[in-house]
Amino acid sequence: MFDLIVRNASLPDGRWGMDIAVSDGRIAAVEAGIVAEAGEVVDAAGHLVSPPFVDAHFHMDATLSLGLPRLNRSGTLLEGIALWGELKPMLTVEAMVERALRYCDLAAAKGLLAIRSHVDVSDPTLRTAEAMIEVRQKVAPYIDLKLVAFPQDGYLRSPGAVELMERALDMGLDVVGGIPHFERTMAEGAESVAALCRIAAERGLPVDMHCDESDDPMSRHVETLARETVRHGMQGRVAGSHLTSMHSMDNYYVSKLLPLMVEADIRAIANPLINITLQGRHDTYPKRRGQTRVPEMMAAGLCVAFGQDCMMDPWYPLGTGDMLDVASMGLHVAQMTSRVGMRDVFDTVTVNAAKAIGLEGYGLEPGCNGDLVVLQAQDPIEAIRLRANRLCVIRRGKVIARSAPAVAELMIEGRPGSVDPAAYAPRSAGPEG
Ligand code: FE2
C-alpha cells in the first residue's frame, strides 16, 4: 500500500509506461506495472512526468512590484537598479510577503517547486531579508526557497554593506552573494569577490554571485571567482550568475577561462529572458545577444542552469513563472535546436538547476523526494516547444495543483473537432539530429 501512484508515465530519460510509487513523501519505486494499492492514483496517460522545475536565480523581494514607484524608461540594468533604489525606502515587510506568496502560488501551479532567490541586503533595515525569511518558512510545505544575501548596491561601493552582509547571514540567509561588476573599479570588484569567498569559506556557505553582468569583453570577475573557489577548496559550491560578458569576450581568452571554471567546478547560471533584453542596449546594429556561452560550457563539462531572474519588477515587465518559457528563450538564443541540444536545455531548468543550488533529494530515483509534475507533452522537447500545460503537480506524494488539459473546440465550418496542441508531436524523432 503506497500513499500515491502515478501510472503510465513517460520519463525524461525516454522510458515509458512507467509507474511511480510514493510513500512517506519519498519515491518508493519506479517500475512498469506496479501491482499495489495506493491512497491516490494519478493516471499520467502516457504524458511526461518530470521532477519539478527549479529556478536557479530569482529576485523574490522585487517580484510583482512593476510600476512602483514608476516604470523603467530606458529598459537598462542600471536604470533598473536606480529604480529599485527609489522603491526600497517605501517597501514594507507585509507588502513584500504578500507579493512573494502570490508569486509562489503561481510557481506551485507551474510545477516550480524550488527557487534560489537573491535578497537585496543593501538597506540598513534589512526588511527584505526579514520578509523573505518569513516567506521561506511559509512556503516550505510546497516550495524549497533558498536565499542569497545579495549586496545590490555593491559590497565595497555601498557604505555599510560589509557589516550588512554579516548581519544578513547571521539572520539565516543561506548563500553569500556579490555583484563585482557594480563595484567602482575592476580592482575593487576582484577585491569584493575575494572578501565574499573568504566569508563563505569561514561560514561553510555556498556562493552565488551576479558576475560580469555586462557587455564588457574585458570584465574578468568570473576568473577571480574561479581562482578564489579553488583557493578555498569550495569546488562545486560556487555559482556564477549571468556571466553575460563571456558572450563578448575574446575567443582565445575564453579558451583559457573555461578550464579554470572547470577546475573550480563553477555552476554557471544564465538568465535568458533578462540577458536577451538587458544586454546589447548600447549596441546599434548588429546587437549582441548577451547570453553566456551555454553550449560551449556544457561541452566543457560545466553544470549550466537557467534562471528566470525577474517577473514584473524594475528590470523586466514580463514573466510568467514558467521555467519552460525560460528554457525556450535560452534554447533559441543559444541556437540549441538539435535534438540533443533541446534535450540538454530541459536539464537546465530541472536537474542542472537542482545541482546548481545544491538541492537535496531531487530526482526520479527511489529515495528521492516525492515531487513530480505531469506535463501535457510526450517528452522534454515537446514540453519546451509547447510550454506544456501542468496537468498535475505533486509535492511529497500529495497533489497540490491541477490544470485542465489545454484543448480547444473548433467551430469552423467543414473542420469541426477539437485541437490538442500536444497531438502535433513528431511521430518518430530519433535521439540524434
Ligand atoms: Fe539577478
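# A walk from the proline loops to the iron site

Start by selecting Pro286, which sits in the loop between α9 and α10 (294–300). The model you have open is a predicted one. Show the backbone from Tyr285 to Pro286: the peptide bond there is cis, with omega near 0°. Most peptide bonds are trans.

**A second cis bond**

Now move to Pro69. Look for it in the loop between β6 (53–58) and α1. Select Leu68 along with Pro69, since a cis peptide bond joins the pair. Omega is about -15° here.

**The iron ion**

Next, centre the view on the iron ion. Which residues coordinate the iron ion? Show the side chains of His57, His59, His210 and Asp309. The three histidines each offer NE2, and Asp309 offers OD. The coordinating distances run from 2.1 to 2.4 Å.

Trace these donors along the chain. Their spacing reads H-x1-H-x150-H-x98-D. One residue therefore separates the first two histidines, while 150 and then 98 residues fill the later gaps.

Now check the angles. Why is the arrangement of the four donor atoms irregular? The donor atoms subtend angles of 85 to 178° around the iron ion. Four donors count as tetrahedral only if all angles lie between 85 and 135 degrees, so a value of 178° rules that out. For comparison, the ideal angle for four tetrahedral donors is 109.5 degrees.

Stay with two of the ligands and turn on a surface. Are His57 and His59 buried or exposed? His57 is buried, because its relative accessibility is 0%. His59 has 7% relative accessibility, so His59 counts as buried too. The cut-off for buried is under 20%.

**The largest cavity**

Keep His59 selected and switch on cavity display. The whole structure holds three cavities of 30 Å³ or more. The largest encloses about 100 Å³ of space. It is lined by 15 residues, and those closest to its centre are His59, Leu77, His210, Glu213 and Trp315. Two of these names are familiar: His59 and His210 also coordinate the iron ion.

Colour the lining by element. Helices α1 (77–87) and α9 (272–278) are the elements that give two or more residues to it. Then colour the lining of the largest cavity by class: eight residues are nonpolar, five polar and two charged.

**The second largest cavity**

Go on to the second largest cavity, with a volume of about 70 Å³. Its lining has 14 residues. Pick out Pro52, Leu359, Tyr362, Asn369 and Asp371, the closest to its centre. By class, the lining of the second largest cavity has six nonpolar, three polar and five charged residues.

Colour by domain at this point. Domain 1 (2–51 + 363–424) and domain 2 (53–356) each supply at least three residues to the lining of the second largest cavity.

**Two positive phi values**

Turn to the backbone again. Most residues other than glycine have a negative phi.

Select Asn8 in strand β1 (residues 2–9). Asn8 is not a glycine, yet its phi is positive, about 55°. Asn8 counts as partly exposed, because its relative accessibility is 34%.

Then select Leu126, in the loop between β7 (112–120) and α3 (127–139). Its phi is also positive, near 50°. Is Leu126 buried or exposed? Leu126 is buried, given a relative accessibility of 3%.

**Three distances to draw**

Finish with C-alpha to C-alpha distances.

- Val399 to Glu40: Val399 lies in strand β16 (residues 398–402). The two residues are 359 apart in sequence but 8.9 Å apart in space. Val399 is partly exposed, at 24% relative accessible area.
- Arg396 to Tyr142: Arg396 lies in the loop between β15 (390–395) and β16. Here 254 residues of sequence go with 8.5 Å in space. Arg396 is partly exposed, with a relative accessible area of 30%.
- Leu273 to Glu191: Leu273 lies in helix α9. These two are 82 residues apart along the chain, and their C-alpha atoms are separated by 30 Å. Leu273 is buried, with a relative accessible area of 7%.

Terms used:
Residues are numbered from 1 along each chain as its sequence is written. This is a predicted model: local features need pLDDT of at least 70, side-chain atom pairs count only at pLDDT 80 or more; totals for chains, interfaces and linings use all residues. Side-chain values use heavy atoms; hydrogens and water are left out. Donors are N, O and S atoms within 2.8 Å of the metal (3.2 Å for Na, K and Ca); water is not among the atoms, so sites may look incomplete. Four donors count as tetrahedral if all angles lie between 85 and 135 degrees; four count as square planar and six as octahedral if opposite donors are over 155 degrees apart and all others between 65 and 115; anything else is irregular. Buried means under 20% relative accessible area, exposed over 50%, partly exposed in between (1.4 Å probe, protein chains only). On a 1 Å grid over the protein atoms alone, a cavity is a set of points where a 1.4 Å probe fits but cannot get out, and a pocket is an open set with protein on both sides within 12 Å along at least five of seven lines; lining residues have an atom within 4 Å of a point. Grid points are joined across faces, edges and corners, and a volume is the space filled by probe spheres set on the points. Helices (H or I, at least four residues) and strands (E, at least two) are DSSP runs, numbered from the N terminus. Ala, Val, Leu, Ile, Met, Phe, Trp, Tyr, Cys and Pro count as nonpolar, Asp, Glu, Lys and Arg as charged, and the others, Gly among them, as polar. Domain bounds come from an automatic or database domain assignment.
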